[in-house]
Amino acid sequence: MSSWIFRQAHAKEISASHSDGAELLRIVQEKEDLYDVDYGYAVSELERLTELTGGLHAMSLPDHSRHLVWGISDNGSRVSFCSICIEDDIRKHTFPVWRVQWSYCWYTVCHRHKCALTTLSGNYRPITLKNRGRCAFRFTVEKNHPSSKASAAPKRNELIPRISFLLELIELAFKMQSHIDNLINLKHSDQAWREISAIRDFCDAAIFIERGRVCPLAHDLTKYAFGRLAREYQLGPQTRKYDLEGTSCQERCARTRLSALAVAACVFGVEGALDGLQRLSSAGREIGVLVPVTIPWLYTASVGGVGSISRNWCLDRARGYPIEIRDKLLEISSAPITPKEMAPTKGIPYSKS
Ligand SMILES: [Zn+2]
């Protein structure tokens with residue numbers, strides 16, 4: 001919504017010094033202060049926005065409310081974007097256009113460019129959502145500046161296995177993302193809604209870090225695929241105050257959500273995911289990360305071992321899932337993991353960091 005307002009203002013060449021521009025800015029600022037810059041506009045406000053911009057009718061926007069099933073709920077989390085889309089925007093319109101899909105938790109791979117979304121963090125982290133476009137602009141321009149590439153470039157022979165690992169991970173996440181998109185298109189199906197809940201619960205548990213437990217697989221996958229995590233993602237359990245339910249809705253880093261979706265694609269048996277898992281696992285061995293190839297082991301590495309809070313929570317929630325999904329998850333979670341499977345043939349043991 002905020003992106004739409006700024007585009008309309010830009011198209012009409014309304015500047016902040018103009019009285020209409022000042023009023024537009026005031027409406028946006030008020031939303032930002034009181035509620036959320038992207039949602040919760042009253043009908044009267046939408047009418048006024050249409051009058052001020054004189055453009056496309058604001059009421060015609062398809063989605064005024066936050067995505068009910070699985071939207072990113074925290075005002076500060078909606079800061080992930082496709083860097084190639086933003087580069088295109090800057091070339092075409094000179095400013096970034098924020099896409100509504102970037103606010104959906106399961107949307108972590110750009111469907112146009114098949115690349116992972118980037119999350120603004122560190123020096124680029126916006127203080128308010130209103131200036132995320134400006135931060136993304138600065139990020140994009142500075143990232144493409146030659147001096148930023150000079151340091152810490154990996155050697156070529158390290159780069160190729162890392163890239164194939166990254167591409168396999170993106171491919172798996174994209175399979176799950178497309179599967180969820182299909183489920184969402186079946187708007188009135190109760191079965192589809194319950195399947196989405198099951199996938200969301202799994203992702204919540206896969207991202208949740210329990211005190212005293214080894215770091216879940218999703219975080220490790222992110223670390224190995226994308227390199228070192230930003231500082232705020234390294235801090236560990238003490239910084240994660242939110243509850244287990246909704247963890248994936250609060251997870252700011254799109255790349256961590258991407259890893260959870262990739263694992264979910266394998267656990268939920270999305271078409272072609274098992275072949276992808278084999279390829280991910282062998283690419284992982286090349287760079288020294290162990291990715292389990294059997295589903296019970298993958299499940300345990302993601303949601304925790306027997307007795308862990310997140311695993312118990314997942315099994316408890318399974319009662320509400322469609323029967324075949326519930327049975328499948330119960331079967332996966334009760335299957336024994338043999339010592340042979342636990343022993344990696346190559347590479348390093350499962351990291352504790
Ligand atoms: Zn893109």
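**Entry 1: Glu-195 and its partners**

I started at Glu-195 and looked up its contacts (C-beta atoms, placed from the backbone, within 7 Å). Leaving aside neighbours within four places in sequence, I found Leu-183, Pro-322 and Ile-325 in contact with Glu-195. This is a predicted model, where local features need pLDDT of at least 70, side-chain atom pairs count only at pLDDT 80 or more, and totals for chains, interfaces and linings use all residues. Residues are numbered from 1 along each chain as its sequence is written.

Glu-195 lies in helix H7; helices (H or I, at least four residues) and strands (E, at least two) are DSSP runs, numbered from the N terminus. Is Glu-195 buried or exposed? Glu-195 counts as buried, because 20 C-beta neighbours are inside 10 Å. The cut-offs I used: 20 or more other C-beta atoms within 10 Å is buried, 12 or fewer is exposed, and in between is partly exposed. I also noted Ile-180, 15 residues from Glu-195 in sequence and 8.9 Å away in space, C-alpha to C-alpha.

**Entry 2: Ile-325**

Next I followed the contact to Ile-325, which is found in helix H15 (residues 323-334). Ile-325 has 19 other C-beta atoms within 10 Å, so I put it down as partly exposed. With neighbours within four places in sequence set aside, its contacts are Glu-195 and Ala-198. Ala-198 is 127 residues from Ile-325 in sequence, yet the C-alpha atoms are 8.0 Å apart.

**Entry 3: H14 against H7**

I then turned to helix H14 (residues 309-317), whose buried residues are Ser-310, Arg-311, Cys-314 and Arg-317. They cover an arc of only 130° around the axis, so they sit on the same side of H14; the arc is that of the directions from the helix axis to the C-beta atoms. These buried residues pack against helix H7 (190-207) and helix H13 (295-303).

How do H7 and H14 pack? Their axes are 9 Å apart, at an angle of about 175°, which means H7 is roughly antiparallel to H14. Axes here are lines fitted to C-alpha atoms, for helices over the stretch in contact, and angles run from 0 to 180 degrees between N-to-C directions. Angles under 35 degrees count as roughly parallel, over 145 as roughly antiparallel, 65 to 115 as roughly perpendicular and the rest as oblique. Asp-201, Phe-202 and Ala-205 of H7 make the contact with Ser-310, Trp-313, Cys-314 and Arg-317 of H14.

**Entry 4: H1 against H2**

At the N-terminal helices, I saw the axes of H1 (residues 2-11) and H2 (residues 19-34) come within 11 Å and cross at roughly 175°. H1 is therefore roughly antiparallel to H2. On H1 the contact uses Ser-2, Ile-5 and Ala-9, and on H2 it uses Gly-21, Leu-24 and Val-28.

**Entry 5: the cores**

Last, I looked up the nonpolar cores (sets of buried Ala, Val, Leu, Ile, Met, Phe, Trp, Tyr and Cys residues joined through C-beta atoms within 7 Å). The largest has 70 residues, and Leu-169, Ala-173 and Val-263 are among those with the most contacts inside it. Helix H11 (254-267) is one of the elements giving two or more residues to this core, and H11 supplies the largest share, 10 residues. A second, separate core of 12 residues includes Ala-9, Val-37, Tyr-41 and Leu-129. I picked Val-263 for a closer look: beyond four places in sequence, its contacts are Ala-206, Leu-217, Ala-218, Leu-298 and Ser-302.

Methods. Two residues are in contact if their C-beta atoms, placed from the backbone, lie within 7 Å.
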